[in-house]
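User: I'm new to reading structures. Could you take a close look at one small part of this one and then walk me outward from there?

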Amino acid sequence: MEKKAVFLDIDGTMVDYGGVIPPSTTEALDRAKARGHKLVICTGRSRFQLDEKLLSLGFSGIVGAAGAFVDVDGAEIYHTYIDKAHRKSSFDYLEEHGFTYCYQADDGVYLNAHSRDGMIARYRSMGIPEEGISYLLGQMHVSDEPWRHEKNEKIIYHNAPFSVAKVNEDLAPYFDTVAISINGMGDDAGEIGIGGINKATGMKLYLMHVGIAREDSIALGDGPNDLQMMEYAGIGVAMGNALDDVKQRADLVTKPIGEDGLYLAFEQLGLI
């Protein structure tokens, strides 16, 4: 078969919500690589959230921060950041309405003390252990004006007084807001990225750089921020643990992550 570029979400797709990579997933990745397919991380995570355990599996590229940066074989080919005017306007909006939030960047999160305490409390209330909280937040750069960091890529928020749809409407067109990809969060939590920059735009840049046609791409995911990449790909695959809306818009639905879903999808698609 033609060599494929396979774009892989992390949470709920390659890594379960306990932080475990199923052995069948590792086997599927190894077998697909051995057949010459390019495997690419495609995630909402910023660089600081890509741990060595995951990276050691060996990928041909990364689309990170929901498309804000793209690496090909270890070299960064693209990186964009929220501009100064919209860092400030987003800060004013989030503060005015009492959100708990942080700006994500390569080296950790930028937030004020109120949001630091609020985010830690929210994660603890969900039963996330301290190690998991440290993993999600990384290095916390605390200041009264976290918007001033020039390399802020995207925003994560909790405890919003509005729905995700309302936040999206309020902050458009510069920003695009989707439901957060962390399991167990409600409609008061979301991810705010730069409008027009998403996993699909990162995929396009990667494919152009390596010379693989769009129809030879496959994307696997489970959450709202995976929809654009799944719809852009030649074949979009939803994990069995995906949200119903994601499943309905997929070309293929596999088993859940804990039931060897990624391995079975690779097998069905002829990648292994």
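**A hairpin and its neighbours**

Analyst: Let's start at the hairpin of β3 and β4: four residues lie between its strands, and A65 takes a positive phi near 50° there. Before going on, note that this is a predicted model, where local features need pLDDT of at least 70 and side-chain atom pairs count only at pLDDT 80 or more, while totals for chains, interfaces and linings use all residues. Residues are numbered from 1 along each chain as its sequence is written, and side-chain values use heavy atoms, leaving out hydrogens and water.

The names come from DSSP runs numbered from the N terminus: helices are H or I with at least four residues, strands are E with at least two. In this hairpin, β3 (residues 61-64) and β4 (residues 69-72) run antiparallel, joined by four bridges. One of the matches is G61 with V72 of β4.

Now, which way do the residues of β3 point? G61 and V63 go one way, I62 and G64 go the other, and all of them are buried (under 20% relative accessible area with a 1.4 Å probe and protein chains only; over 50% is exposed, and in between is partly exposed). That fits a general habit: in a regular strand the side chains alternate between the two faces of the sheet.

β3 has another partner too. It pairs with β2 in the parallel sense over three bridges, and V63 is the bridge partner of C42. To count as paired, two strands need at least two DSSP bridges between them.

From β2 we can step over to a helix. β2 (38-42) is among the elements that cover the buried residues of α1, along with β1 (5-8) and α10 (261-268); contact here means heavy atoms within 4.5 Å. So what does α1 look like? It takes in residues 23-34, 12 residues in total, and reaches 17 Å from its first C-alpha to its last, close to the 16 Å expected (1.5 Å times one less than the number of residues).

The residues that α1 buries are S24, T25, A28, L29 and A32. They sit on the same side of α1 because they cover an arc of only 135° around the axis, going by the directions from the axis to the C-beta atoms. Here's the background: an α-helix has 3.6 residues a turn, so residues three or four places apart point the same way. Over on the other side of α1, P23 and A34 are exposed. After α1 comes G36, which has a positive phi, near 95°.
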